[in-house]
Amino acid sequence: MIGQCGLTWQPWKNRQVLEIGYLFNRKYWHLGYAAEAAAACRDLALDRLQAEEVCCIIRDSNEPSQKTALGIGMKPQDGEVRHCRGQDMPHTRCVLSRRLREGQEA
């Protein structure tokens, strides 16, 4: 198994948001697998499931994951500090709404 990618409901600022999560073995980084899998999840969420929006919640220091989210059309929207692994870490939520995506495709 090279990694995983999928849709999950995640807490964000006192509500639940639909997130694309991806995690791949380091050996398979920078080969396009995360972008391809995340794009498939984006299409599933927005096209088949008719979600109003989908997001990626990413640590501010995780530039490769930020690049993946931006590469599939997401834009940074807001931030939150989360407590992970015993410390506070700033996170950014990158979002793509179905409405914005339809406008981009027109």
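The following paragraphs describe the strands, cores, cysteines and largest pocket of a predicted model. Residues are numbered from 1 along each chain as its sequence is written, and side-chain values use heavy atoms, with hydrogens and water left out. Because the model is predicted, local features need pLDDT of at least 70 and side-chain atom pairs count only at pLDDT 80 or more, while totals for chains, interfaces and linings use all residues.

The description begins with the strands. Helices (H or I, at least four residues) and strands (E, at least two) are DSSP runs, numbered from the N terminus. Two strands pair if DSSP finds at least two bridges between them. Strand β4, residues 75–84, runs antiparallel to β5 and is joined to it by 9 bridges. In this pairing, Glu80 stands opposite His91 in β5. The two strands form a hairpin with 2 residues between them, and Arg85 in the turn has a positive phi of about 50 degrees. Strand β5 also pairs with β3, again antiparallel, through 7 bridges. Here Glu53 stands opposite Ser97 in β5.

Burial is described by relative accessible area: buried means under 20%, exposed over 50%, and partly exposed in between (1.4 Å probe, protein chains only). Strand β3 is mostly covered, with 5 of its 7 residues buried. Ser97 is buried too, at a relative accessible area of 15%. Contact means heavy atoms within 4.5 Å; apart from residues up to four places away in sequence, Ser97 touches Leu46, Glu52 and Glu53.

The interior comes next. A nonpolar core is a set of buried Ala, Val, Leu, Ile, Met, Phe, Trp, Tyr and Cys residues joined through side-chain atoms within 4.5 Å. The largest such core has 19 residues, and those with the most contacts inside it are Ile20, Tyr22, Val54, Cys56, Ala69 and Met74. At least two residues of this core come from each of β2 (15–24), α1 (33–48), β3 (53–59) and β5 (87–97). Helix α1 gives the most, with 6 residues. A second, separate core has 5 residues, among them Trp12, Val17, Ile57 and Val95. In soluble globular proteins, nonpolar side chains tend to be buried together.

Ala69 offers a closer view of the larger core. This residue lies in helix α2 and counts as buried, at 0% relative accessibility. Leaving aside neighbours within four places in sequence, Ala69 is in contact with Tyr22, Cys56, Ile58, Met74 and Cys94.

The cysteines form no disulfides: a search of the whole structure finds 0, where a disulfide is a pair of cysteine sulfur atoms within 2.5 Å. Cys5 is unbonded because its closest cysteine sulfur, in Cys41, is 3.8 Å away, too far for a bond. For Cys55, the nearest cysteine sulfur is that of Cys56, 6.7 Å away. Cys5 is partly exposed at 27% relative accessibility, whereas Cys55 is buried at 1%.

Finally, there is the largest pocket. On a 1 Å grid over the protein atoms alone, a pocket is an open set of points where a 1.4 Å probe fits, with protein on both sides within 12 Å along at least five of seven lines; lining residues have an atom within 4 Å of a point. Grid points are joined across faces, edges and corners, and a volume is the space filled by probe spheres set on the points. The largest pocket has a volume of about 1,100 Å³. Of its 31 lining residues, the closest to the centre are Tyr22, Leu23, Ile58, Asn62 and Ser65. Strand β2 gives the most to this lining, with 6 residues.
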